[in-house]
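Hi,

Here is the structure I promised to pass on to you. Have a look at it first, and then read on for what turned up when I went through it.

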Amino acid sequence: MNVIGMSIILAKINDVLILAKLVVLAKLKLKINPDDFLVSTHRENFFSVKMFKTRSFCLYKQLAQLIIQKRYFTSASYSNRTCLSKIFLPTTKNVSNIKSKQKHEQEENIICESYRLMIRAGLIRRSSSGMYSLLPLALRSLDKIERIIDFEMTSIGAQKLSLSILLSASTWKQTGRWKSAGSELFRLKDRKGSEYCLAPTHEEEITQLVGHEIASYRQLPLRLYQIGKKYRDEMRPRYGLLRGREFIMKDLYTFDTSEEAALRTYEEVLIAYKNIFNKIGVPFVIADADSGNIGGTKSHEFHFLSQVGEDMILTCSNCGYSANEERAYGSLPLTKQAGNGVNKKPIFNFGISKNNRLIICILGSGYVLNVFKLKAAASENSFEDIQIVNDIKDIQINNNFNEIDIYIDITFQTNLPDLELFLSNKLFDENIYKLIQSNKHIITMHHGDFHNTSPGDGCPICSMSSVSHNNPLIGHNAIEVGHTFLLGTKYSEPLKATFAPETPQNMGELRPIQMGCYGIGISRMLAAIIESSYDEHGIIWPSSVAPYRVCIIPNSDEPLIQQATRNLFDLLTSISHELNGEVLIDDRTNLSLGYRIKDSELVGYPWMMILGKRFLESGRVEIHERRTRKILDVNFDEIKNIFLT
Ligand SMILES: [Zn+2]
């Protein structure tokens with residue numbers, strides 16, 4: 001027998017009927033005599049085609065194509081059940097396979113595991129620096145986060161709206177943020193030359209909107225929120241969605257008639273936030289971000305603990321105190337306490353305020369200035385916009401300061417020193433020394449905590465309750481995913497968002513609305529969830545936000561397995577409404593079972609169910625739990641118990 005062409009190994013097709021169908025098709029479409037070729041099955045379900053002498057190679061190729069098409073005609077039929085072969089999920093084993101114009105940025109990003117996993121699991125692709133396309137499965141998870149948030153927002157009476165992303169500069173100029181936002185603001189002009197920015201936040205916009213519509217106390221309280229994209233021109237975008245230039249946020253703004261009412265609102269929102277984070281199911285820490293000495297304001301941060309987190313959270317295991325390093329206070333352990341004035345290498349920081357006051361801050365050796373604490377203390381002394389520098393050469397010194405303020409940190413000296421005694425130490429270089437000597441009449445000295453609290457320092461709460469109880473604070477790296485802030489009248493005053501009170505003190509009195517703003521970084525949260533929940537095999541989604549909860553993998557297209565797959569899909573989706581729309585069939589039987597199992601673990605579905613040989617032999621399903629990697633061997637009746645308990 002004279003055979004031309006090599007055998008083509010085709011994908012698994014186990015339907016014996018294909019042979020007969022193929023013969024008919026070849027005869028009708030390609031007009032080949034069935035006697036001129038041979039299709040033979042060998043090695044399980046693989047089969048090959050051989051063409052005999054009479055026909056050309058071209059015809060041979062056409063026949064091969066026909067057979068490949070045939071694979072789709074004969075592949076498993078799952079009707080309208082969700083099948084992976086129809087879903088855009090470009091998983092990849094190697095991140096470097098993803099083409100990038102800027103390789104260095106890719107490499108920088110790769111050090112962050114959530115970024116690497118999101119690329120590998122086919123959730124995101126990079127569009128440009130700090131900008132990403134969210135692919136269908138990422139969007140499913142994102143939608144679930146949004147639904148949890150929507151539920152909790154609605155439950156506290158908040159209404160959803162949508163504000164423009166392109167904002168006019170005018171309101172930003174009114175609040176002074178057009179200038180203070182600096183280069184992080186994406187600024188642009190329209191064809192008429194009017195200035196705009198891409199919204200990084202919406203306080204101005206919402207305050208103006210509400211200010212126009214609210215006239216009386218009767219229209220308050222009001223709670224409005226939105227979920228949408230925001231923009232920040234990061235100097236160094238990194239870690240994928242954790243620090244991108246485009247991000248999705250939920251922001252809630254609240255409007256009340258009095259400080260007390262705004263505070264009650266704040267407490268209510270805090271509870272809603274706790275519910276949101278509990279429902280998502282990733283361990284979180286609420287850090288006190290209270291600006292300390294600035295009276296009246298209240299602020300909290302919600303964090304996921306993670307090695308790549310850029311915030312440092314200090315917590316006390318004894319009383320539960322938890323604060324961002326930037327805002328934390330702590331008691332100094334005995335070993336670190338300052339010996340009055342004997343500290344040989346103090347750390348100096350200098351600053352000049354807008355109203356021409358010189359600030360000198362002195363810390364003990366090895367300590368870092370906490371700018372928030374210093375500014376908080378300085379603002380009590382009516383400082384405005386202070387620029388802080390380490391080196392006196394970086395600011396212009398003149399002899400015409402209105403006042404000089406010396407801040408002495410507790411790490412340098414344990415009490416407020418006498419000015420003369422202090423100056424006799426000759427701590428400063430000659431120029432400063434002269435300046436101070438000649439301006440003694442305008443010097444004020446302050447003493448307090450102006451340094452960064454660090455892990456190992458004592459808990460401020462515990463040290464207050466008992467002198468001997470100096471429980472050390474523990475440091476954790478963390479990713480900030482939520483922030484609550486009581487704004488007061490910071491925006492309502494400059495933007496004239498006022499209302500007529502119920503009991504005016506004088507005729508026609510208008511009061512500024514008391515506001516609060518509350519954010520959740522949704523796209524960042526998506527990455528942060530992965531960052532705090534993965535192993536060497538891939539992502540481990542919490543059930544609440546997994547793109548799909550169950551992935552069924554039939555190991556072949558055998559009719560019995562197909563039927564069982566359909567039955568299992570229908571059983572799962574009927575067990576509870578929570579699984580409706582949450583079950584996926586990996587019907588890509590042209591890929592090996594091993595490959596599909598690895599793929600399923602990479603994407604991280606909480607449950608993977610395999611229908612294969614074991615099912616044909618004993619009617620049992622192999623169920624893999626992603627989080628524990630436990631394998632259960634159960635029959636159909638027992639599956640219900642797993643999801644109902
Ligand atoms: Zn404590």
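**What I found**

Of the 645 residues of the protein, 37% count as buried. Please keep in mind that this is a predicted model. The protein has 18 helices and 31 strands. If we take contacts between residues at least 6 apart in sequence, 73% of them join residues at least 24 apart.

**A pair of helices**

Two packed helices are described by the angle between their axes and the distance between the axes. For helix α5 (residues 136-155) and helix α9 (residues 259-280), the axes come within 9 Å and cross at roughly 150°. An angle over 145 degrees counts as roughly antiparallel, and α5 and α9 are therefore roughly antiparallel to each other. The crossing of α5 past α9 is right-handed. On the α5 side, the contact is made by I145, I148, I149, E152, M153 and S155. The α9 side contributes A272, N275, I276, K279 and I280. By type, the residues of this contact divide into 7 nonpolar, 2 polar and 2 charged.

**An enclosed helix**

Is helix α8 (residues 203-213) buried or exposed? Of its 11 residues, 8 are buried, so α8 is largely enclosed by the rest of the structure. The buried residues are E203, E204, E205, I206, T207, Q208, V210 and G211. If you want to see what covers them, the elements to display include β7 (166-168), α6 (169-175), β10 (222-231), β11 (246-256) and β24 (514-521).

**Strand β21 and its partners**

Strand β21 (residues 474-488) pairs with several other strands, among them β13, β14 and β24. With strand β13 (residues 299-305), β21 pairs in the antiparallel sense over 7 bridges. One of the bridge partners here is F485 of β21, which goes with S299. Strand β14 (residues 311-315) also runs antiparallel to β21, and 5 bridges join the two. In that pairing, D311 stands opposite A478 of β21. Finally, β21 and β24 run antiparallel and are joined by 6 bridges. F485 turns up again in this pairing, with C517 of β24 as its bridge partner. You may remember β24 from above, as it is one of the elements that cover the buried residues of α8.

**Two open sheets**

The element β7, another of those covering α8, belongs to an open sheet of 3 strands. The strand order in this sheet is β7-β9-β8, and the pairing is antiparallel. β7 and β8 (186-189) stand at the edges with a single partner strand each, so one side of each is left without a neighbour in the sheet. Ignoring direction, neighbouring strands of this sheet are turned by 35° against each other on average. Between β8 and strand β9 (residues 195-198) there are 4 bridges in the antiparallel sense, and F186 stands opposite L198 of β9.

The other open sheet has 5 strands in the order β18-β16-β17-β19-β20, with mixed pairing. Here β18 (387-389) and β20 (443-448) are the edge strands, each with a single partner strand, so one side of each has no neighbour in the sheet. From one strand to the next, the twist averages 20°. Strand β16 (residues 347-352) pairs with β18 in the antiparallel sense over 3 bridges. In β18, I388 is the bridge partner of G351.

Enjoy looking around in it!

Best wishes

Terms used
Residues numbered from 1 in each chain as written. Predicted model: local features only at pLDDT ≥ 70, side-chain atom pairs only at ≥ 80, totals over all residues. Buried ≥ 20, exposed ≤ 12 C-beta atoms within 10 Å, placed from the backbone. Contact = placed C-beta atoms within 7 Å. Axes fitted to C-alpha atoms, helices over the stretch in contact; angles between N-to-C directions. Parallel < 35°, antiparallel > 145°, perpendicular 65-115°, else oblique. Left-handed = near helix turned anticlockwise from the far one by under 90°. Nonpolar A, V, L, I, M, F, W, Y, C, P; charged D, E, K, R; others polar. Pairing = 2+ DSSP bridges.
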